[in-house]
Every structure is written in C-alpha cells, then in structure tokens.
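Let's take a friendly walk through this structure, one region at a time. Have the viewer open and follow along.

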Amino acid sequence: MVELAYLTAGVLFIVGLKGLTSPKTARRGNRIAALGMLVAIVVVVVDLIGLDEKLAWGVVITGIVVGGGIGAFLAIRVQMTDMPQLVAAFNGFGGGASAVVAAAEIVRLNAVIPTEFAVTTALSLIIGAITLTGSFIAFGKLQGIVPSRQVFLPGGTATNGVIALAAVVAAGFGIFADSATAYWIATGFAAILGVTAVLPIGGADMPVVISLLNSFSGIAAAMAGFVISNQALIVGGALVGAAGLILTIEMAVAMNRSIASILFSQFGGGVTAEDIGTKPVNRATADDAAIALAFAEKVMIVPGYGLAVAQAQHAVKDLANALEERDIKVTYAIHPVAGRMPGHMNVLLAEADVSYDLLLDLDQANPRFPQTDVALVVGANDVVNPAARNDSDSPIYGMPILDVDEAKTTIVVKRSLSPGFAGIDNPLFYEDNTLMFFADAKQALEDALSAVEAL
Amino acid sequence: MSEEFIVGIVVFVLAAFVGFEVIAKVPRTLHTPLMSGANAISGITIVGAIIAAAIGTEILAAVLGFLAVTFAMINVVGGFLVTDRMLEMFKKIPGKR
C-alpha cells in the first residue's frame, strides 16, 4: 500500500510537469506537483506512526517548521530580478538535504552497507555536496558577494581533476572498507570541488551552471532514493535530473559551446580593451531615440542582463504602452541565454504585465528583423554581436544571435562602450544605422518615454 | 545485486525517459518556473529526511536528521511557492493588434 501511495506522488509530479508545457495550465501543474509532495509527506508520516516505535517527532516537526518558514519567507520576499540567485540557493539546499540523508544512513548502519547501495550512498553524498557548495558560490556570484568575473585558480582544470579523483578514491575506500571516516573525507573533497569548479566560471555562463546544478540536485535525490529504497525519491529525482539536463544542453547549444568547454575552459578576454572605444559611434539622446521609436511601425525590444540589473522591466513596459497608443506594433525578442538563468527575461517581462505571446524566440524573431523599423536593445551585448555570424576569428563565432543589425535602425541602450562578458568588441555599435544611447537602462527608458509623450 | 536495487534502476531509467519526453515540450518562456518547480520536486528527499530524523537515536543522527528536514523543507515550500508566484504573472493580455 505504501509503495502505491509513493507511486501516486510520482505520477502527480509527472502530471504536474506536463502542465508546465503551456502557460495556461502551468500554475495548475505546479499545484498538482505540490499535491504530490504533500501525498509523499503524509504517507511517510503515517508509515512511521504505524511502526509503533518511539520516534523523535520533536526533531521532525522543528525541522519542518524552521525549513518551511525560511522557504516561505524567501519565496514571498524575493524580487523577480533576484530570481537566479534564489533558484541557485534552493538547488543548494536540495542537494545538501540529499547528502545529509545519505550521511544519516551511514551513521545509522555504521558504514556497513551492501556494495551496490554503498555506491549510491557515496554518489548521493558526493553529488549532493558538490551541489550544495557549488550552488552557494553561484548564489554569491549572482548576489555580488563573490566576484562574478572568472576567478582563476592555480592549476586550473588539473586541480579540479585531482580533487575529484581524491573524492572518488576516498569514496571507494568507504564502500569497500566500510569506513565512515572515508565517506566523510570524500564528502569534504566534493564540497571543495563545488567551490573550485564554480569559482572560475563567469557570470554570463551562469545559465548553464544553474541548470547543471539543478540537474545534480535531482540526481542526488534519486541516489538518496536508492539509499533508503524509496521509489518516490527515485522518480522525483530522475525527473528533475532530466529537466536540468535538458536545460543545460539547451543553454550550451544557445552559446554554441560544449558543456565541457563552459565548465573547464578559460573563455574570452582575447581582445585587448584598448581597441574598444576608439572608433566613432552615433551617439543618441533621449529625443533622438524617441523620434526613431515614435515614427516607426514595428519595434522589437531586445532585453538583456542590463535590464535586470537596472530593474527596468516596468520602464520597458511603460514605453511599449506609449508606443502602442501610437498604433506601433511592439514585440520582444528573447535570446535563450539573455540574463543569468533560462527564461530570466520572460519572468521579468511577465512581472511587468507583458503578454507572453509577444515574447519571441530566437527562431521566431530573426525572420522579422528585416521588416522591423527599430530594434531597441536594452542591456544586451554578446547575444546581438554580428561578429558571431561574420568573424570566424571571434571567440563567439558560430553562436546563434539575434540579427538586430538587420532592422532599419538599431538603438542600443548601454551604460558605456565596455565590452560584454566575452570581452570582445561589438561591430554592431559602429554601424551607420546604430544609435548608441549611453545611460542606465531604466533612466534611458524613462527619458525616452517622456520624450515620446512630448512629441 | 539485490532485486530491490534492480527495480530501483528500472524505475530510475523509465522516469528519466518520461521526464525527457515531457520536459522537452516546455516552452522557453516557462524555463525559469520549470527550473524552480523541478527544484521543488527534488525536495522529495524530504521523505528520506523525515525518516532519518524520526528514527535517529544518537545526538549526531538527530543533528543530521534536523539538518536534512530543514534543508529539504526550504526547498519544497520555497520552490513551490515561488513558482506559483511567478506563474501567476504569466498572462496573455488581449491588446490592440
């Protein structure tokens, strides 16, 4: 009976995720998945009560109240612009919980575990610990506590390889010698590896890192499911592992780089900074931008991470409203890796009440640029860099980009000419039909709105 | 290998395939809620955490059990709530076309 109840929870997770395939059913889907979780929790509690043993319910209830309270507080308080770091933190807690479940089982059995279950116990510990520390470094980078640039470690990838090997050897010792101490040493190396593997990865590669850590948190949960022989954990963990892996692959494809090269290579920075800012650009004021926008028929807005940093999502929507009042068609082109996590821009624009059917994918947006009068680029850089298309020497050559240079006029809102994450110059900025509007994104959009209204 | 373990492997592989099939159809616009919602599901480890906390007898087991339950609950409650908050915002607004 208990097994069937856990299976019900697993089925509810799948039905819930299926709901996420459309924005119309997504909210209900999420609630169905939450119901599955409730079912699993009720089942385990009822099952434990049936054991008729003296159990430490005080510990369980305290943990539920404290953890639930912290989770609810964070979920209700978070700003939408801060969503990437919150998801990173939650990934870390999930992975950490699975590692601790495995650790508790080692303590209970005094490390004497049948070999196949010992392997999954070790995997749960190692993957969980990497997820925990890696996620908190990612959180720190996104929050600005840890430098978001690439921090290079002595020895680079080789150092990480040695640490990983040490973790595996220690885990092997734990498995075959039934040594709890060896398991703890393995966990320690894994925790260090989480830090040293994520530190060298730059901010713009965070969508890949968060997706991969998401996958890891699922795999750690599935491994913990083997540890305690529980189907609900195995199903739930496998689903999350698959979801994270799909997103990881999609992000890597959107950057035209392999997952390995994102994780292990030292990317970008090839072009010296002094090349940048010496060529002439067309500088634009708010009035210039307003005139170009107000007399257009079709405007495509291309948001990037700068939009999130400046919290400019509502300012974008206000400007779009003013343009729509003038019967101008406004749509949005979203690059898959714009922002710091998959779908980051979509959430921000949804918060500003932008209808989701106006948000276009790369494939939908690119054929429309030649018929677009004004492409308004707000805080995006590498994802609109034509060098990815034309310059085979460019480090980002081959990356699919939004072809904003094919619009009749392109307005780029940017704080300065500084290069993007890839550290490379952007030929778009020097095009004849590009207007550079140097300002903070939010201020620029508000000024442009005032200027449009004054026309 | 024990039969129990092999059943576990079968379930894992099948669930991963179902996961791939379903999740590959999630549109890009919902990728952030997908990630936070999936993340909440990975909090299913709460089941293991509750068992560990309840049956633990020594101090060390109690500490580990408490940590596991707390971490997993942050994940579960926070993950589902924040996903609900996000999905509430996704609207199709009929406008001038």
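Which helices of chain A do the buried residues of α6(A) pack against? They pack against α5 (115-143) and α7 (180-198) of chain A. Please keep in mind throughout that this is a predicted model.

## Helix α6 of chain A

Let's stay with this helix for a moment. Helix α6 of chain A covers residues 157-177. At 1.5 Å a residue, its 21 residues should span 30 Å, and the C-alpha atoms at its ends are indeed 30 Å apart, so expectation and model agree.

The buried residues of α6(A) are I163(A), A167(A), A170(A), A171(A), G174(A) and I175(A). If you look down the axis of α6(A), these buried residues fall within an arc of 140 degrees, so they line one face of the helix. That is the face that meets α5 and α7 of chain A. On the face turned away from the buried side you will find the exposed residues A158(A), L165(A), F176(A) and A177(A). Just after α6(A) comes D178(A), which takes a positive phi of about 50 degrees.

## Domains of chain A

Chain A is divided into domain 1 (1-54), domain 2 (83-264) and domain 3 (274-454). Taken over C-alpha atoms, the centres of domain 1 and domain 3 of chain A are separated by 43 Å.

## The parallel sheet

Now turn to the strands of chain A. Six of them form an open sheet with parallel pairing, in the order β3-β2-β1-β4-β5-β6. β3 (359-360) and β6 (434-438) of chain A stand at the edges; each has a single partner strand, so one side of each is left without a neighbour in the sheet. As a general reminder, strands of a sheet pair through backbone hydrogen bonds, either parallel or antiparallel.

Strand β1 of chain A, residues 298-303, makes a good place to look at the pairing in detail. β1(A) pairs in the parallel sense with β2 (residues 329-333) of chain A over four bridges, and with β4 (residues 374-378) of chain A over five bridges. K298(A) stands opposite K329(A) in β2(A). V299(A) has a bridge partner on either strand: V330(A) in β2(A) and V374(A) in β4(A). β1(A) is mostly covered, with five of its six residues buried.

## Around A290 of chain A

Is A290(A) buried or exposed? A290(A) is buried, because 24 other C-beta atoms lie within 10 Å, and 20 or more are enough for a residue to count as buried. A290(A) sits in helix α11 (residues 286-294) of chain A.

Leaving aside residues up to four places away in sequence, A290(A) touches A448(A), A451(A), V452(A) and L455(A). A290(A) and L323(A) are 33 residues apart in sequence, while their C-alpha atoms are 9.7 Å apart in space.

## Where chains A and B meet

How many residues does each chain bring to the contact? Chain A gives 100 residues and chain B gives 80 residues. On the side of chain B that touches chain A, the elements that give two or more residues are α1 (3-23), α2 (31-42), α3 (46-55) and α4 (59-89) of chain B. The largest share of that side comes from α4(B), with 29 residues. By class, the side of chain B that touches chain A has 50 nonpolar, 21 polar and nine charged residues.

Conventions:
Residues are numbered from 1 along each chain as its sequence is written. Chains are lettered from A and ligands numbered from 1 in the order in which they are written. This is a predicted model: local features need pLDDT of at least 70, side-chain atom pairs count only at pLDDT 80 or more; totals for chains, interfaces and linings use all residues. Domain bounds come from an automatic or database domain assignment. Two residues are in contact if their C-beta atoms, placed from the backbone, lie within 7 Å. Ala, Val, Leu, Ile, Met, Phe, Trp, Tyr, Cys and Pro count as nonpolar, Asp, Glu, Lys and Arg as charged, and the others, Gly among them, as polar. The expected span of a helix is 1.5 Å times one less than its number of residues. A residue is buried if 20 or more other C-beta atoms lie within 10 Å of its own, exposed if 12 or fewer, and partly exposed in between; C-beta atoms are placed from the backbone. The arc is that of the directions from the helix axis to the C-beta atoms. Two strands pair if DSSP finds at least two bridges between them.
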